[in-house]
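Biologist: Got a minute to walk me through this one? I'd like to go through it bit by bit.

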Amino acid sequence: EEPALGSEGRSGGDGGASSPPAWLRMLLAAHYSASKCVASGCYTSIFLMINDSVAPELRGRVNGLSMSLSSLCKAGGPTLGAVLFAWSLSSGVGPPFDVAFSFLLTALAMLSVALAACRHLAPAAARARGYLGGSSATQQLSRSRGSQELVAAQAAQSGADSVTAGEGRRR
């Protein structure tokens, strides 16, 4: 008589699973380390952009709000995701509410955030840099150069007038 799966006789006591080869474990560890480094870099970049886009007197409030929302999402996201995934497995409802339901909701949320960012952040950033609102940065630069040249010409003309006036007094 054969022992049951998962017992000491057949599977060695580990439930039938064998450990992955050493190269695969090293590859997974390197991938995990790289993904965590990239994630922390993205997290830092987001808060740097928030600091750059807010007036100095409002930075404390905005940073507090962003940290609070970040912590709320870190706490609620896995909980809500686990509940939705468990429901999708046990509900017996067909597509799109089957196993892929929680993944579809995550993709929909990411898409809505990307669309909102493109719609609201790009025009605000362009307006702040002078690309929108009636004149381009190149036109503003040429105007400032033109006004500098005008001031220099006026100064040269007034200097020439004072020189000729001084010559007239000497004569």
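Biologist: Let's start with serine 88: buried or exposed?

Modeller: Keep in mind that this is a predicted model. In it, serine 88 is buried, with a relative accessible area of 4%. The cut-off for buried is under 20%, so serine 88 counts as buried.

Biologist: And where is serine 88 placed?

Modeller: Serine 88 sits in helix α3.

Biologist: What does the side chain of serine 88 reach at 2.8 Å?

Modeller: That would be the backbone oxygen of phenylalanine 85. There's also the backbone oxygen of aspartate 98, which lies 3.4 Å from a polar atom of the serine 88 side chain.

Biologist: OK, and which residues does serine 88 touch, not counting those up to four places away in sequence?

Modeller: Leaving out residues up to four places away, serine 88 touches Phe97, Asp98, Val99 and Phe101.

Biologist: Let me zoom out. How many helices and strands are in the protein?

Modeller: Five helices and zero strands. Read along the sequence, you get α-α-α-α-α.

Biologist: How much of the protein counts as buried?

Modeller: Of its 171 residues, 7% count as buried. Serine 88, which we just talked about, is buried too.

Biologist: And what about contacts between residues at least 24 apart?

Modeller: If you take the contacts between residues at least 6 apart in sequence, 7% join residues at least 24 apart.

Biologist: Back to the helices. At what angle do α2 and α3 cross?

Modeller: Helix α2 covers residues 22-52 and helix α3 covers residues 59-90. Their axes come within 10 Å and cross at roughly 150 degrees. The two are therefore roughly antiparallel to each other.

Biologist: Is that crossing left-handed or right-handed?

Modeller: The crossing of α2 and α3 is right-handed.

Biologist: Which residues make the contact?

Modeller: From α2 you have Tyr43, Phe47, Ile50 and Asn51. From α3 come Arg59, Val62, Asn63, Ser66, Met67, Ser70 and Lys74.

Biologist: How does that contact of α2 with α3 split by class?

Modeller: Five residues are nonpolar, four are polar and two are charged.

Biologist: Last topic, the prolines. What kind of peptide bond joins proline 95 and proline 96?

Modeller: A cis one, with omega at about 0 degrees. For background, most peptide bonds are trans.

Biologist: Where is proline 96 found?

Modeller: In the loop between α3 and α4, with α4 running 101-128.

How values were computed
Residues are numbered from 1 along each chain as its sequence is written. This is a predicted model: local features need pLDDT of at least 70, side-chain atom pairs count only at pLDDT 80 or more; totals for chains, interfaces and linings use all residues. Side-chain values use heavy atoms; hydrogens and water are left out. Axes are lines fitted to C-alpha atoms, for helices over the stretch in contact, and angles run from 0 to 180 degrees between N-to-C directions. Helices (H or I, at least four residues) and strands (E, at least two) are DSSP runs, numbered from the N terminus. Angles under 35 degrees count as roughly parallel, over 145 as roughly antiparallel, 65 to 115 as roughly perpendicular and the rest as oblique. A crossing is left-handed if the near helix is turned anticlockwise from the far one by less than a right angle, and right-handed if clockwise. Contact means heavy atoms within 4.5 Å. Ala, Val, Leu, Ile, Met, Phe, Trp, Tyr, Cys and Pro count as nonpolar, Asp, Glu, Lys and Arg as charged, and the others, Gly among them, as polar. Buried means under 20% relative accessible area, exposed over 50%, partly exposed in between (1.4 Å probe, protein chains only). A polar contact is a pair of N or O atoms within 3.5 Å; within protein, one must be able to donate a hydrogen and the other to accept it, and residues adjacent in sequence count only if both atoms are side-chain atoms.
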